[in-house]
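This report looks at enclosed space and charged side-chain pairs in one protein model. The sequence and structure come first.

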Amino acid sequence: MTHACRRLRRGAVTATAVGMLTVPAAGPAAFAAPGSVRTAATVPQQQQQQQQQPPPPSSASPTGEVRTLTPAVTGQLDRTVQQVMREANVPGVTVGLWTPHQGTYTRSFGVADKSSGRPMSPDLYTRIGSETKTFTVTALLKLVDEGKAGLDDPIGRYVAGVPNGDRITLRELAGMRSGLFNYTEDPGFFKAFTSDPRRPFTPHELLAYAFGHPVLFPPGQKFSYCNTNLILLGLVVEKAGGKPVQDYIHDNVLAPTGLRHTLFPTDAAFPSPHAQGYTDQTATGKVEDTAGWNPSWAWAAGAMISTLDDLRVWARTVATGVLPDGTTLISPATQKQRLTTPPTTIPGAGYGLGIFDVQGWIGHNGSLPGYESLTVYLPAAQATLVVLLNTDINHNGAEPSTLFGQAITKIVSPGHVFNLPAQPAAR
């Protein structure tokens, strides 16, 4: 759930339709990871034409949840991903799809840097935007399990000066039902950010943009996606955890999960190798490079960095509460509360505690200027999907990450088609 210019400022989930794609002429370059399926560009034309036919019934899994990744299905995925790229003008994208019995698909297409032509590849670090929310809320849930915080505690117990702070609970903040104003919708914030995207922001500066506006509705009344909520929860983690949020997340979430290439930056530092990002969320509206921009404006709502392999591991961990070694990261009782996903304004989509369920796919998407990501897990098939791309420029009102997610799941899980509309940056 994610947006800025208008997208940085818009906070409520909108019912933006995902448009039909037409296919322009030229296709992007492709990079195959070691051991991955072949690119369609290496397949003879006659065989490509044969693969364009719908996958045969035998490609379906025994449960019918996810198709087996046969050469016909992977060829169809290649063509579909490239089709979305061409139509939505996406420079580069990496797609990872992992299933326990139906195969694996790991592919990169296009370029990581338009100026040099360096190819997109599966080993790049990327900014993950609002996927950060899954880590921040997991840190909160660890504190709940330790008895250091309670989901029904009022936020005023931890942070002073919050409108309705004596009534808004941590549960309502994590579930996007606080009624607070989204600071990324504030015109003053947008001007400050776009006038100098390399400047640092403090959490309290971000909250000041939000608290200058009246509350939108009484707490718990309805769903409204809001980055302000996660800035507050970051401060809760710091107070209850007794250390900076980035350190608490590292020590209690990243390290136990074995995520060695995931980090919460405190400045604009960006590990190499990484892709250049491209956005039109600028003061002039012209497309600019964003790799050096400071993500502090998104902080606990959207500042984190990760990689394809780490997100593959995280997708299952956050959706189940179980670590790769089989032990628990979050207690079953607390995990059950996380995965209670009341309906949102989007048909087929529910939002729990820092996590959504869209047509059975559990996880989160992320977006901030220049980068988008999608990390989801389908428990019915134990399947994981990760999509990473180096632009956040919408196509016909739809986020490119959703276009990829929808197109891919139409092929591999037709009974569970991911169709989440667009939402604001640190989305």
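The text below covers cavities, then one helix, then salt bridges. The model is a predicted one.

**Cavities**

The largest cavity holds about 70 Å³ of space. Its lining takes in Thr94, a run of residues including Met120, Ser121 and Pro122, and also Leu124, Tyr125 and Thr126. Ala275, Tyr371, Leu388, Leu389 and Asn390 are further lining residues of the largest cavity. By class, eight of the lining residues are nonpolar and four are polar, with no charged residue among them.

The second largest cavity has a volume of about 60 Å³. Among the residues that line the second largest cavity are Phe193, Trp293, Trp297, Leu368 and Pro369. Tyr371 belongs to the lining of the second largest cavity and also to that of the largest. In the second largest cavity, seven lining residues are nonpolar, two are polar and one is charged. Arg127 is in this lining, and Arg counts as charged.

**Helix 6**

Phe193, a lining residue of the second largest cavity, is one of the buried residues of helix 6, which spans residues 187-195. The other buried residues of helix 6 are Phe189, Phe190, Ala192 and Thr194. At the start of helix 6, the backbone nitrogen of Gly188 has a side-chain oxygen of Asp186 within 2.8 Å.

**Salt bridges**

How many salt bridges does a search of the whole structure find? The search finds six. Three of them are listed here, each with its N to O distance.

| Acidic residue | Basic residue | N to O distance |
|---|---|---|
| Asp78 | Arg107 | 3.4 Å |
| Asp152 | Arg171 | 3.0 Å |
| Asp251 | Lys243 | 2.8 Å |

Asp78 and Arg107 form a salt bridge. Asp78 is in helix 3 (residues 71-88) and Arg107 is in strand 3 (residues 104-110), so their pairing ties together parts 29 residues apart in sequence. Both partners are buried: Asp78 has a relative accessible area of 1%, and Arg107 has 0%.

Asp152 and Arg171 also meet in a salt bridge. Asp152 sits in the loop between helix 4 (132-145) and helix 5 (170-174), while Arg171 is in helix 5, so this pair ties together parts 19 residues apart in sequence. Asp152 is exposed, at 52% relative accessible area, whereas Arg171 is partly exposed, at 27%.

In the pair of Lys243 and Asp251, Lys243 is partly exposed at 29% relative accessibility. Asp251 is likewise partly exposed, with a relative accessible area of 36%.

Technical notes
Residues are numbered from 1 along each chain as its sequence is written. This is a predicted model: local features need pLDDT of at least 70, side-chain atom pairs count only at pLDDT 80 or more; totals for chains, interfaces and linings use all residues. Side-chain values use heavy atoms; hydrogens and water are left out. On a 1 Å grid over the protein atoms alone, a cavity is a set of points where a 1.4 Å probe fits but cannot get out, and a pocket is an open set with protein on both sides within 12 Å along at least five of seven lines; lining residues have an atom within 4 Å of a point. Grid points are joined across faces, edges and corners, and a volume is the space filled by probe spheres set on the points. Buried means under 20% relative accessible area, exposed over 50%, partly exposed in between (1.4 Å probe, protein chains only). Helices (H or I, at least four residues) and strands (E, at least two) are DSSP runs, numbered from the N terminus. A polar contact is a pair of N or O atoms within 3.5 Å; within protein, one must be able to donate a hydrogen and the other to accept it, and residues adjacent in sequence count only if both atoms are side-chain atoms. A salt bridge is a side-chain nitrogen of Lys or Arg within 4 Å of a carboxyl oxygen of Asp or Glu.
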